[in-house]
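I am opening a page for this structure, and I mean to go from the overall make-up of a chain to its strands, and from there to a contact between chains.

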Amino acid sequence: MRRSSPEGRRLAARARAGLRALFAALAVAAAPLAAAQGSVSEEIAKYRAALQDGNPAELWEARGEGLWRERRGPKQATLERCDLGKGPGVVKGVYAELPRYFADTDRVMDLETRLVWCMVQLQGYSEADAKRNPFGSGNDKKSDIEALVAYITSESRGVKMNVPLTHPKEAEAYGVGEKLFFFRGGTHDFACATCHGEDGKRIRLQELPNLVTKEGAQRAYTTWPAYRVSQGELRSFEWRLYDCFRQQRFPELVFGSDAAIALTMFLARNSNGAVFDAPAIKR
Amino acid sequence: MKIRASLAGDSTEVKVLMSHEMETGQRKDANGQTIPAWFIQNVSVTWNGKTVLSAQWGPAVSKNPFLSFKFKGGTKGDKIVIHWVDNRGDRRTDEAIIA
Amino acid sequence: MDGGRRAILRSAGQATLVALAAAAGLIKPEDARAEGWNKSAFDARSLGEALKGLAAGEPAQSKDIAFVQTPEIAENGAVVPIGVASALAKTEAIAILIEKNPNTLAAVFDIAPGTEAAVFTRVKMAQTSNVYALVKADGRYYIASKEIKVTLGGCGG
């Protein structure tokens, strides 16, 4: 191979320098745009990080633990014998394995429906009373369910999601949930997938997780329930689904309905393997 | 209230979460009526009886207020007492032990 | 924060005799407090009025007042984390003022001797605005400011 001449080397060096200058110029031109995008999401990340220290969800967790242990209802009983899937009274790690099939009711249940069932069975409440106020608003209208959800889910913090799919009804719930996720309807012809079925979507500055991917489902599911600062309330996963339906202009998602359980099953199962890290705090 | 008091070097760090609506008095309800202002006005934090921080708040402090600060001194087992009074005259006192 | 909920020692949060008397119309709630609350400062609707209510005169700009752990963008104006640290000697008080809020003054903290001159809290911001940290140190007033943007979030979260 012919060795390059000093002249050739100088030309090559100049060419490289020229290319570097060109790239530098392009980078500088692009930098304000990229930096602007980058710094906005950086600052929002800082905002979210600053909120983590001192999560008002802890106030709900404390109230929920109190409700779990307090004698209430016509039977004046506590919830301490409630079986959330790992045996009567066991709360540690149960949320990581919900929703699941329960033999005593012969159906798949999520945490909220199971809590309602225990309030009815153990404490003697009517189902209507137990379901009366699922989503609280303000200090005058607190939701017992939300407090109980906060407590029970906090006992799964740090646990890997491990939702079962062994019983035929669990598989059926998953299948129904998946169908619902992609089902287009309502006045806007939206499906969950419309907003949550692709990468890179957002509403204003809110990035929308792609729930069809494993990472998207994991990140989303493991951070609910959450203290929603815009609501000033601790919100459960059923609330999240209810509010999505509202925003999709779908008919109201009934609290504790099979549709809610099925969608939860679909998303919870998709998050398997990820570490549960809630109650969290969100915008 | 959730109070955490922990030693940080030769100081004590106090973090508090209070449960309060902190209603601004600017909002209207579904019937168009203004929801009256309801917020914590005075906060005091004492350590073994000595006031280490006091505050006057307006309704612009966020709902379910969070407060964090440090003071020099403190040993495990010392008592931190936090007291608030709101504009309705309601008051609440809670205490915690430095851990 | 780590540790258990069980660390809370709860005392009964009962309405006091004072509150009951107030409810009965015997005394006005505003009179009932021994602690004092600077109504004229908290009612002020501008920075100037609030400084007047605080008798802060014309505070000097100071580089010794820092906003700590205070993001430049708040995803939601209902909860904006604000931390103020003062390196000024003999800091006695720190106040947080939000220019574009309906009432400018958000909070005033009295720093006892031996307490670190740094407070962290969360405030409501009606819109993107300058936030002012006012410090009273050794009898004089100093001020620093930072703009915090408030965005309108999306639907979910």
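I began by listing the secondary structure of chain A, and I found 10 helices and 7 strands there. I keep in mind throughout that this is a predicted model.

Next I looked up burial, and of the 283 residues in chain A, 41% count as buried. I then turned to contacts within chain A, taking those between residues at least 6 apart in sequence, and noted that 68% of them join residues at least 24 apart.

I went on to the sheet, where 3 strands of chain A are arranged in the order β6-β5-β7, as an open sheet with mixed pairing. At its edges I found β6 (233-235) and β7 (280-282) of chain A, each of which pairs on one side only. I also looked up how neighbouring strands of this sheet are turned against each other, and the average is 35°, with direction ignored.

Which way do β5 and β7 of chain A run relative to each other, parallel or antiparallel? I checked the pairing and found that strand β5 (residues 226-228) of chain A and β7(A) run parallel, joined by 3 bridges. For one residue of this pairing I noted the partner by name: Ala226(A) is bridged to Ala280(A) in β7(A).

Finally I looked at where chain C meets chain A, and I recorded 20 residues from chain C and 27 residues from chain A in the contact. I sorted the side of chain C that touches chain A by residue class, which gave 10 nonpolar, 7 polar and 3 charged residues.

Key:
Residues numbered from 1 in each chain as written. Chains lettered and ligands numbered in written order. Predicted model: local features only at pLDDT ≥ 70, side-chain atom pairs only at ≥ 80, totals over all residues. Contact = placed C-beta atoms within 7 Å. Nonpolar A, V, L, I, M, F, W, Y, C, P; charged D, E, K, R; others polar. Helix = DSSP H or I, 4+ residues; strand = E, 2+ residues; numbered from the N terminus. Buried ≥ 20, exposed ≤ 12 C-beta atoms within 10 Å, placed from the backbone. Pairing = 2+ DSSP bridges. Axes fitted to C-alpha atoms, helices over the stretch in contact; angles between N-to-C directions.
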